[in-house]
Amino acid sequence: MNLEVPSKFKNIQNFALMAAKTIFRPVSRKYDVEEHTYPIELDLLAAGLNGMNEGSDGSVGGAATKKEKIDDGSVKNGGNMANCINIQAMCYGDVGLLLSIPGQGLGNAAISAVANPAQLEKFSKSWAAMAITEPNCGSDSSAITTSARKEGDFYVLNGEKIYITAGERCNVVVVWATLDKEIGKAAIKSFVVEKGTPGMELVRLEKKMGIRASDTAAIVFTECKVPAENLLGSPEIDVKKGFGGVMETFDNTRPFVASMANGLAEAAIERTKELLEGKINLDYKTPINNVKSVEAEIYRMEAEYEAARLLTLKAAWMADNRKPNSLEASVCKAKAARITNQLSLKCVELASSLGYSYNELLEKWSRDSKILDIFEGTQQIQQLIIARRLLQKSSAELK
Amino acid sequence: MKQAEIKSKKSTEYPLATYFGYYNQLLDTKMGKALNLRKISEMFVYQGTKNGIKLATAASRVFKGNGKENPERLSNKSKSDLFDLNYNDEQIMIQETLQQFAIKMRNAAEKIDDKFEIDKALWQEFNELQLAYMQIPESFGGMMKEKSTVTQMMMVETLAHGDLGQALAFFTPHSVLNAIVKWGSTAQQQDLIPAFLLENPEIATIAINEPSVLFSPYELNTKAVKRGNEFSLTGLKNMVPLGTSAAYFLIAAQTEDNGIQIFIVDKNSKGLSVSIERGMGLNAAGLCAVELKDVIVDGSAVLGGSEGINYPEFVNYCKLGWCALAVGCCQAILDYVIPYANDRYAFGEPISNRQAVAFMIADIKIELESMRMLTQRATAKAEQGLDFAREVYLAHIMCSEKGMQIGSNGVQLLGGHGFIRDFPVERWYRDLRAVAIAANGLHL
């Protein structure tokens with residue numbers, strides 16, 4: 001048993017930390033203030049990342065969701081773990097900027113996970129955003145109303161999608177739409193829609209509380225014709241298989257979102273300790289009831305952060321070793337997101353009006369952190385997933 | 001109401017208690033009785049010998065040894081470079097055996113909680129498992145070359161899944177053995193280790209806690225005053241497991257010039273008195289107060305010899321044990337509340353159909369896994385000989401605070417049943433309160 005990060009990932013980690021410190025942090029505040037301005041600094045980084053992706057077994061950004069093929073029974077530390085380590089290090093720099101790295105969108109993860117060889121060939125160089133949420137449906141993604149109608153060699157899409165991360169900057173959008181609203185989940189399919197397709201209109205960029213460096217778009221589809229070969233997965237409606245295919249993507253990506261939280265938590269704790277230097281003495285020895293209140297807070301934050309980090313590595317390790325990890329993926333996402341939100345707010349409090357001001361990034365991080373407990377499945381959705389698994393309940397029994 | 005009437009009411013008034021009693025019996029026949037518990041020494045190729053063991057019987061402990069200079073130490077586990085949460089085959093075999101034994105502990109727990117000691121048959125059965133072989137170096141007739149801290153964490157966790165109080169009692173002598181293997185001088189090792197390989201191994205315990213508010217293991221009122229080649233110990237320890245059955249105690253005391261050290265004190269020492277001091281829980285471990293009034297201890301009875309030991313690290317190995325106890329007990333709570341919440345009906349459906357209940361159970365899982373990850377990391381680092389002070393400190397915070405929260409929610413989930421002693425959750429609640437407080441007894 002060993003719970004240390006393997007040395008083979010140190011290079012990835014160091015590269016990402018360097019990018020976080022030298023590329024992200026210096027412009028963190030700038031793009032927080034100048035919302036909707038494209039961070040051109042990221043183009044350089046994206047070029048570097050693509051070079052690295054081609055030469056390694058696991059992708060560095062958000063796209064390494066293909067499960068490892070070789071299984072010789074030995075323990076693997078592979079692409080999922082590398083990804084978590086990389087994402088955490090980048091988000092130690094800035095979560096919003098990580099979400100804006102070209103070619104590393106959630107749509108890329110979906111394409112990578114379920115695309116056929118022809119689709120992979122066609123879209124692997126694209127920057128793919130993901131469009132699921134609608135004005136009247138968030139967590140309940142089975143209730144989407146955007147429709148897809150088969151017409152010859154095309155599907156015709158109609159509906160409105162919101163909260164699309166990188167929706168303006170991407171090249172393609174993976175859109176969830178239903179072939180038949182009456183059938184329910186089984187009829188929901190995802191379609192890759194290229195930017196510029198007639199009938200696809202970007203109607204709005206949201207103004208947000210945090211992660212302002214990342215653009216969040218609303219797109220309306222009106223009689224938008226998409227080539228039939230752009231449908232991801234099987235075109236058949238298989239009522240038995242149902243939602244499994246599309247939801248599979250999230251088993252893979254939840255540990256990545258947890259890693260974003262872990263990076264932010266690491267940054268917030270580190271900066272708070274720097275600011276408190278001279279006022280605290282952490283000996284990791286004196287019983288917690290016998291230390292200063294502020295020291296006890298720091299200890300608790302570190303304990304929570306380390307737990308979240310290790311839970312995330314566990315979920316990634318299970319994926320790398322082809323163990324089913326749906327439960328562990330939700331556990332790490334739930335834990336990492338909620339403790340990061342709580343502790344980043346506590347850090348602002350500890351740093352007082354200094355922490356509240358724009359002179360420090362602590363207040364920004366505490367705004368950024370809230371979204372991590374919402375997107376890719378809210379805290380409550382993670383709890384539902386965990387509870388249903390533990391109690392062996394269907395979604396009809398435990399609503 | 002007379003005792004007999006209460007007993008007879010049990011099955012009608014608390015049907016779920018009967019149900020869970022039945023459930024445990026079922027597990028018992030399925031696993032415990034069908035499969036024979038195997039001795040550790042029979043599981044593996046083993047060619048040691050039990051011949052030639054001599055016991056030190058003198059009342060005062062003077063460690064002369066045979067002049068061999070370096071004590072035996074287990075080497076650090078060689079570090080794997082891969083992140084790996086798997087137990088190896090050997091660890092899985094031990095775990096499966098202990099899981100069967102833990103079922104017997106669970107069945108005995110209610111009775112033992114009132115008796116304040118473990119019954120002899122169960123001790124006998126535990127001794128037959130011969131866990132000591134997994135701790136003792138080959139040169140002393142054991143099976144070990146390398147440290148097995150992770151294996152021992154797994155053992156404590158598995159036993160605590162049966163019953164926390166009994167796990168503390170069972171593992172306390174093994175913890176003393178660990179301490180002697182890890183810290184003992186040559187003479188101490190030679191005198192004390194062989195007794196752990198006997199059919200009825202010697203019982204010993206560790207006493208650090210003192211009855212003072214805001215207690216810290218690093219600020220002790222028990223003092224060791226040097227007098228020539230001897231020390232005079234004076235002070236009061238409490239919450240000491242197995243106090244009345246221990247042949248000797250490892251007692252932490254403040255010295256004048258060498259920080260806090262551990263002293264090996266015989267039960268028959270003049271000035272030492274032991275009295276039962278009941279607490280909130282941990283009844284199976286027979287908690288005691290140990291008073292020392294000018295107890296004279298030979299200079300050779302300082303653990304580790306004249307130079308002593310690294311006391312903060314000693315305490316950290318004790319805390320690892322308490323973390324493992326908490327993880328095992330909290331897993332037991334999770335495993336208990338799941339079938340309970342599914343079988344308990346209110347308002348026409350299982351209470352687990354309600355988010356207010358289901359989310360509490362999800363939270364138990366999330367925090368339990370958090371406790372487990374921190375405990376595993378601290379233990380794995382300790383086993384590899386790496387500095388684990390920060391890791392065990394953080395693990396102990398998590399296990400203390402979340403463990404108690406889980407203990408409390410375990411009772412809450414059972415409602416009124418949770419408050420009744422027919423159900424085990426109130427005992428787990430009482431036992432788990434000790435995790436934040438105790439440093440005694442355990443040492444991985």
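**Figure 1. The hairpin of β2(A) and β3(A) in the predicted model.** In this hairpin, which places two residues between its strands, Gly152(A) adopts a positive phi near 65 degrees. The two strands, β2 (residues 147-151) and β3 (residues 154-165) of chain A, run antiparallel to each other and are paired over five bridges. Across the pairing, Lys150(A) is found opposite Tyr155(A), a residue of β3(A).

**Figure 2. Surroundings of Asp215(A), in the loop between β6 and β7 of chain A.** The loop that holds Asp215(A) connects β6 (200-205) with β7 (216-227) of chain A. Asp215(A) counts as buried because 25 other C-beta atoms lie within 10 Å, where 20 or more are needed for that class. When its neighbours within four places in sequence are left aside, the contacts of Asp215(A) are His36(A), Ala166(A), Gly167(A), Glu168(A), Arg169(A) and Leu205(A). Val174(A) lies 41 residues from Asp215(A) along the chain, and the C-alpha atoms of the two are separated by 16 Å.

**Figure 3. Gly233(A), in the loop between β8 and α7 of chain A.** Gly233(A) belongs to the loop that runs between β8 (231-232) and α7 (244-275) of chain A. With 18 other C-beta atoms within 10 Å, Gly233(A) is classed as partly exposed, since a buried residue needs 20 or more and an exposed one has 12 or fewer. Between the C-alpha atoms of Gly233(A) and Ser352(A), which are 119 residues apart along the chain, the separation is 52 Å.

**Figure 4. Domains 2 and 3 of chain A and the contact between them.** The domain assignment divides chain A into domain 1 (7-114), domain 2 (126-232) and domain 3 (244-391). Taken over C-alpha atoms, the centres of domain 2 and domain 3 of chain A are separated by 30 Å. Seven residues from domain 2 of chain A and seven residues from domain 3 of chain A take part in the contact. On the side of domain 2 of chain A that touches domain 3 of chain A there are four nonpolar, three polar and no charged residues.

**Figure 5. Domains 2 and 3 of chain B and the contact between them.** For chain B, the domain assignment gives domain 1 (40-63 + 86-202), domain 2 (207-301) and domain 3 (311-432). The centres of domain 2 and domain 3 of chain B, taken over C-alpha atoms, lie 30 Å apart. To their contact, domain 2 of chain B gives nine residues and domain 3 of chain B gives seven residues. The side of domain 2 of chain B that faces this contact with domain 3 of chain B is made of six nonpolar, three polar and no charged residues.

**Figure 6. The pairing of β1(B) with β4(B).** Strand β1 (residues 204-207) of chain B is covered on both faces, with Ala204(B) and Ile206(B) buried on one side and Thr205(B) and Ala207(B) buried on the other. In a regular strand, side chains alternate between the two faces of the sheet. β1(B) pairs with β4 (residues 248-254) of chain B in the parallel sense over four bridges, and within β4(B) the bridge partner of Ile206(B) is Leu250(B).

**Figure 7. The largest nonpolar core and helix α9(B).** This core has 254 residues, and those with the most contacts inside it are Phe263(B), Leu325(B), Ala326(B) and Ile361(B). Apart from neighbours within four places in sequence, Phe263(B) is in contact with Ala224(B), Phe231(B), Leu233(B), Ile251(B), Ala253(B), Val297(B), Ala301(B) and Val302(B). The largest nonpolar core receives its greatest share from helix α9 (residues 311-343) of chain B, which gives 20 residues. α9(B) is mostly covered, with 25 of its 33 residues buried, and from its first C-alpha to its last it reaches 49 Å, close to the 48 Å expected at 1.5 Å a residue.

**Figure 8. Helix α6(B).** All 14 of the 14 residues of α6(B) are buried. The end C-alpha atoms of α6 (residues 149-162) of chain B are 20 Å apart, which agrees with the 20 Å that its 14 residues should span at 1.5 Å a residue.

**Figure 9. The contact between chain A and chain B.** Chain A brings 39 residues to the contact and chain B brings 38 residues. On the side of chain A that touches chain B, the elements giving two or more residues are α8 (293-320), α9 (326-350) and α12 (379-391) of chain A, of which α8(A) gives the most, with 11 residues. By class, this side of chain A has 23 nonpolar, seven polar and nine charged residues.

Notes: Residues numbered from 1 in each chain as written. Chains lettered and ligands numbered in written order. Predicted model: local features only at pLDDT ≥ 70, side-chain atom pairs only at ≥ 80, totals over all residues. Contact = placed C-beta atoms within 7 Å. Nonpolar A, V, L, I, M, F, W, Y, C, P; charged D, E, K, R; others polar. Domains from an automatic or database assignment. Expected span 1.5 Å × (residues − 1). Pairing = 2+ DSSP bridges. Core = buried A, V, L, I, M, F, W, Y, C linked by C-beta atoms within 7 Å.
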